[in-house]
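Student: I'm new to this structure and would love a close look at one part of it, the nonpolar core. Could you walk me through what builds it and how it sits in the chain?

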Amino acid sequence: MAEPRGVAGPRIAAVAVGLGTLLLVVAAIPFVRAYADSAERRPAADIGVGIDRAGCDPELIDPVRGAGVHVGPGTAEPYATRIRYDLVPPSSGPHFVVPAPAVRRFYTTRDRPAIEILVHNLEHGYTILWYVEPLVRDQTEVLRALARKLGDDRYGGRFVVAPWDPGYGEFPAGRPLALSHWGATAGYRQFCAAVSGAAVERFVLAHPPSDSPEPTGM
């Protein structure tokens with residue numbers, strides 16, 4: 001059947017626009033991968049912005065509680081499936097029985113464990129870099145590179161980057177990133193405005209996995 005007069009032109013134009021968009025996306029992929037690869041090869045301190053541009057607040061020192069306190073399924077409190085933590089983000093507290101697997105270093109909003117699971121990781125000496133996903137969406141690849149770099153055994157192998165759940169409380173305005181660590185005698189937190197490998201590395205080195213309630217836990 002013949003194409004109705006006046007229809008072929010718009011259809012051809014639409015196809016051309018669609019193909020052009022697809023080609024732009026495909027062409028951009030190598031550049032995104034190259035950027036991620038270059039970040040991966042750099043020292044941790046060189047990933048992201050410099051420490052002077054990180055916008056980090058002074059480190060906070062918190063009292064700790066909840067060591068060895070398990071709640072949720074399989075415990076004496078099976079219905080405690082959501083903990084109201086005193087601090088945002090928590091640097092200690094009651095938690096679920098099983099921590100997140102040691103092989104994971106980076107999570108998104110689609111696959112993140114419950115906050116109560118990650119608090120168990122804190123008890124085992126992990127440092128967690130929490131991020132508010134909508135506010136750092138353009139820094140995702142930098143966060144991934146930082147997770148791989150600081151999750152290496154050279155830094156103790158206990159570092160996780162995970163999205164924060166705002167249902168547990170809001171971060172301060174202009175601070176979409178927060179670090180937390182559960183030390184043996186105190187908890188530690190720090191809020192930052194931008195991803196800075198230098199700032200995160202400094203926090204991780206200051207609070208090693210050995211300074212925790214259960215440093216031998218997995």
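Tutor: Happy to! Let's begin with the whole chain and then move inward. This is a predicted model, and its chain has four helices and five strands. If you follow the sequence from start to end, these elements come in the pattern α-β-α-β-α-β-β-β-α. Of the 218 residues in the chain, 44% are buried. Contacts often reach far along the sequence: among those between residues at least 6 apart, 77% join residues at least 24 apart.

Now for the part you asked about. The largest nonpolar core has 24 residues. Within this core, the residues with the most contacts are L129, L143, L150, F159, V161, L177 and V200. Several elements build the core together: at least two residues each come from the strands β2 (127-131), β3 (159-163), β4 (177-182) and β5 (187-192), and likewise from the helices α3 (140-150) and α4 (197-206). Helix α3 gives the largest share, with six residues.

To see how the pieces meet, try F159 as your viewpoint. Setting aside neighbours within four places in sequence, F159 is in contact with R105, Y126, T127, L129, L146, A147, L150, G151, L179, V200 and V204. Three of the names you met above, L129, L150 and V200, appear again in that list.

This core has company, too. Apart from it lies another core, made of 23 residues, including Y85, L122, W164 and F191.

Finally, step back to the outside: the accessible surface of the chain comes to about 11,500 Å², and carbon and sulfur atoms account for 60% of that area.

Technical notes: Residues numbered from 1 in each chain as written. Predicted model: local features only at pLDDT ≥ 70, side-chain atom pairs only at ≥ 80, totals over all residues. Heavy atoms only, no water. Buried < 20%, exposed > 50% of the residue type's maximum accessible area, 1.4 Å probe, protein only. Contact = heavy atoms within 4.5 Å. Areas by Shrake-Rupley, 256 points an atom, 1.4 Å probe, with all protein chains shown as cover. Core = buried A, V, L, I, M, F, W, Y, C linked by side-chain atoms within 4.5 Å.
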